[in-house]
Amino acid sequence: MITNFVNFLSENHDDSGHIHGLVLAFVFFFSKTVESVTQRQWYFGTQRIGTRVRAALSVLVYKKSLSVKFAGSSNGKIINMINVDVERIGDFCWNIHGVWQLPFQVFLALVILFINLGAAPTIAALSCTILVMVSNTPLASKQERLHSRIMEAKDSRIKATSETLKSMRVLKLYSWEPTFLKKLLQLRETERNWLRKYLYTSSAIAFLFWASPTLVSVVTFGVCILLKTPLTTGTVLSALATFRILQEPIYNLPELISMIAQTKVSIDRIQDFLSEDDQKKQIPYQASQTSDITIEMKCGEYAWETIDQNSTKPTIKITKNMKIMKGYKVAVCGSVGSGKSSLLCSILGEIPMISGAGVKVHGTKAYVPQSAWIQTGTVRDNVLFGKDMSREIYEDVLEGCALNQDIEIWADGDLTVVGERGVNLSGGQKQRIQLARAVYSNSDVYILDDPFSAVDAHTGTHLFKARIFLIFFCFLFISRATLLPCRYSHLVFFIFGIFLCRNVSCNSCLRRLLYMLPINWNF
């Protein structure tokens, strides 16, 4: 088209010959209009696909993080995946057509050069283009390796920053800000060093490809001069326009290669995360109307996963079978570190089983951990936790959990907004809110892990007398009869992670407990 238009302008035509020139000008205008419209549609379509890909991957990573094992990826790595890797994969949709478009543009440019200049100049231009692409291969590989190191350094920095912000109150109380600031600056310096090397490599790639169009032009016209190929005005202008077409893929090639390398790293990271082993889910058993068994435990061993995969030392060992019937109140007592909390986790299915028949829990469960978990929202939302409001039961739960006095103090009552992780609540208030959440759930089995650890003696006495909770010592399982008089069915002991049932010497606290409460030892 350019050659024909230049030839038309260089020749003399009468009035009737201007129609041919107008047709050529209209074709130029129409083709540019079509290019602009289709390009806008292309950008819109790729942006819509990128948004959908980001949303889908974010949901996929989030769901996987809920089921991954405790020894899996850290919180910093998961946050980095959602904020960086997912975003990068979504942005790659803008350039996904460049994988086939750039080679196709190069092929068309070489065909036009072959028609206008001949075989030798075209081969010279192709050889120069291939040389530039081949020389970029080691730089692209190095760029991919450096990007992987950058992401690892960023994972460590985000993890440390998140933990520091989460524990900022403790850091300020102990004046540890300078120490942790120094640690964060060291992590940032490590990331900056890898980033500097990455940018140097990117600069070398950019310089190579920005200089390549000029190099291709010089080599092509040099071959034409050596071979004495005739160069007319139309041929030269057409060749320059072709070099401009060839210049765009060469300019975009470094960005495309960099984007492909970064996207590949992000896809590999997400794929490795999604391929991690899930925590084995406990098989749900419905509460039976004919059987009185609520929890059935068999002999077995349970152990948390560690870095050393060859280590098979169990965390807890169940040496006797145990069945907990409906209405039983079972207290689990033992020294510090004896495995009481791990026993509760094994019942919940959170700790992996390495041998034995496992645990069967019939019915729904409500769990109260030692460290209170509070969601951002109102106090009422934390207690209801998605369940429908029953005003009578709700008020009874608040009264039994000693929350009425706190609600009266708060300006908005139970509609007071709780800060992130309950930052504006005391330890006792958070503990009582999660206790109220468990009681309001009306579950078949209640599993409480040291429920009165954060409440004072006066509040504990209120909870005890209100008959909302059945015991006040250590760790317990309690079944559906939450509002029954406070009597134990069984008392279970743990020593050094080994489950025992009887014939264990009691300390003074246990003696007071045995003196106050009737104990049935028939297992």
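The chain exposes about 29800 Å², of which carbon and sulfur atoms supply 60%. The model is a predicted one. Its chain has 523 residues, and 40% of them count as buried. The secondary structure comprises 15 helices and 14 strands. When contacts between residues at least 6 apart in sequence are considered, 78% join residues at least 24 apart.

The largest nonpolar core holds 27 residues. Within this core, Val383, Cys401, Leu403, Ile433 and Leu435 touch the most other members. Two or more residues are given to the core by each of strand 8 (365-368), helix 10 (379-384), helix 11 (391-400), helix 13 (427-440) and strand 11 (445-449). Helix 13 makes the greatest contribution, with 6 residues. Another core, of 19 residues, lies apart from this one and has Ile295, Tyr302, Ile324 and Cys345 among its members.

Asparagine 382 is located in helix 10, one of the elements that give two or more residues to the largest core. This asparagine has a relative accessible area of 0% and is therefore buried, the cut-off being under 20%. Leaving aside residues up to four places away in sequence, asparagine 382 touches Ile374, Gln375, Gly377, Val418, Ile433 and Arg437. Of these contacts, Ile433 also belongs to the set of core residues that touch the most other members.

Strands 4, 1 and 7 form an open sheet of 3 strands, in the order 4-1-7 and with antiparallel pairing. Strand 4 (322-325) and strand 7 (359-361) are the edge strands; each has a single partner strand, so one side of each is left without a neighbour in the sheet. From one strand to the next, the twist averages 15°. Strand 1 (residues 293-297) is paired with strand 4 over 4 bridges, in the antiparallel sense. In that pairing, isoleucine 293 has methionine 325 of strand 4 as its bridge partner. Strand 1 also pairs with strand 7, again in the antiparallel sense, over 3 bridges. Here the bridge partner of methionine 297 is valine 359 in strand 7.

In a regular strand, side chains alternate between the two faces of the sheet. Strand 4 shows this alternation: Met322 and Ile324 point to one face and are buried, whereas Lys323 and Met325 point to the other and are not buried. Ile324 is also among the members of the 19-residue core, and Met325, on the other face, is the bridge partner of isoleucine 293.

Aspartate 456 is placed in the loop between strand 11 and helix 14 (457-465). With a relative accessibility of 47%, this aspartate counts as partly exposed, because the value falls between the limits of 20% and 50%. The C-alpha atoms of aspartate 456 and glycine 428 are separated by 7.6 Å, although the two residues are 28 residues apart along the chain. Glycine 428 falls within the range of helix 13 (427-440).

A search of the whole structure for disulfides finds 0. Two cysteines illustrate the accessibility classes. Cysteine 93 has a relative accessible area of 10% and is buried. For cysteine 299 the value is 35%, so this residue is partly exposed.

Notes. Residues are numbered from 1 along each chain as its sequence is written. This is a predicted model: local features need pLDDT of at least 70, side-chain atom pairs count only at pLDDT 80 or more; totals for chains, interfaces and linings use all residues. Side-chain values use heavy atoms; hydrogens and water are left out. A nonpolar core is a set of buried Ala, Val, Leu, Ile, Met, Phe, Trp, Tyr and Cys residues joined through side-chain atoms within 4.5 Å. Buried means under 20% relative accessible area, exposed over 50%, partly exposed in between (1.4 Å probe, protein chains only). Two strands pair if DSSP finds at least two bridges between them. Axes are lines fitted to C-alpha atoms, for helices over the stretch in contact, and angles run from 0 to 180 degrees between N-to-C directions. Contact means heavy atoms within 4.5 Å. A disulfide is a pair of cysteine sulfur atoms within 2.5 Å. Accessible areas come from the Shrake-Rupley method with a 1.4 Å probe; for residues, only the protein chains shown count as cover.
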